[in-house]
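Subject: Structure handover: pockets and cysteines

Hello,

Here is the structure we talked about. Please look it over before you set anything up on it.

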Amino acid sequence: MQIKLGELEHPQILSLLAEHHQDMALHSPAESVHALDVSGLAADDVTFWSLWIEELHQENAQAMQLAGCGALKQLDLTHGEIKSMRTASLYLRQGVAQALLAHIIAEAKQRGYTKLSLETGSMAAFLPAKKLYQRFGFKECAPFADYQLDPYSAFMTLDLF
């Protein structure tokens, strides 16, 4: 596994982000979808990473395949938000999300954040993500930043220090 910074223009990343937005739209009304678009992920207060896995293909050719992505948005000097966590379908339940989440938490600590929060869906489709966050110590919380109470959203936070 290799975690790379940026590369938002890469076709595999654009495809995974499009899939992410389509999936969110299947489970939530438009006003309850809080996923950032590419321009939002390219903003100065957002850092975006992708996780790649080297795969062996025909004739022993090796190629890097996108396995997942995630981002960290700075809310203020001590508070960050996890955005756009997504694992490619072929790599579900293979440690991709855990690796990205551990990377993002480590980066948040290095920046001196004392709190890391996130918004995810409240429906059954989001249960695996919520369980992952809980394994890392995230607890449910009230809406933060500009979020409002929403039956389609669940809010979670992690105290870092």
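Below is what was found, pockets before cysteines.

Note that this is a predicted model.

Largest pocket. Its volume is about 870 Å³. The lining counts 37 residues, and those closest to the centre are Met85, Arg86, Thr87, Phe126 and Ala129. Five elements each give two or more residues to this lining:
- helix H1 (11–27)
- strand E4 (79–87)
- helix H3 (96–110)
- strand E5 (115–121)
- helix H4 (127–135)

Sorted by class, the lining of the largest pocket holds 16 nonpolar, 13 polar and 8 charged residues.

Second largest pocket. This one has about 190 Å³. Its lining consists of Gln12, Ser15, Leu16, Glu19, Gln65, Leu66, Ala88, Ser89, Leu90 and Tyr91. H1 and strand E3 (62–76) are the elements that give two or more residues here. H1 provides the largest share, with 4 residues. By class, the split is 5 nonpolar, 4 polar and 1 charged.

H1 is thus on both lists: it gives two or more residues to the largest pocket and also to the second largest.

Cysteines. How many disulfides are there? The count is 0, with a cut-off of 2.5 Å between cysteine sulfur atoms. Is Cys69 buried or exposed? Cys69 has 1% relative accessibility, so it counts as buried, the limit being under 20%. Cys141 is at 27% and therefore counts as partly exposed, since that class runs between 20% and 50%.

Best wishes

Technical notes. Residues numbered from 1 in each chain as written. Predicted model: local features only at pLDDT ≥ 70, side-chain atom pairs only at ≥ 80, totals over all residues. Heavy atoms only, no water. Buried < 20%, exposed > 50% of the residue type's maximum accessible area, 1.4 Å probe, protein only. 1 Å grid on protein atoms, 1.4 Å probe; cavity = no way out; pocket = protein on both sides within 12 Å on 5 of 7 lines; lining within 4 Å. Points joined across faces, edges and corners; volume = space filled by probe spheres on them. Nonpolar A, V, L, I, M, F, W, Y, C, P; charged D, E, K, R; others polar.
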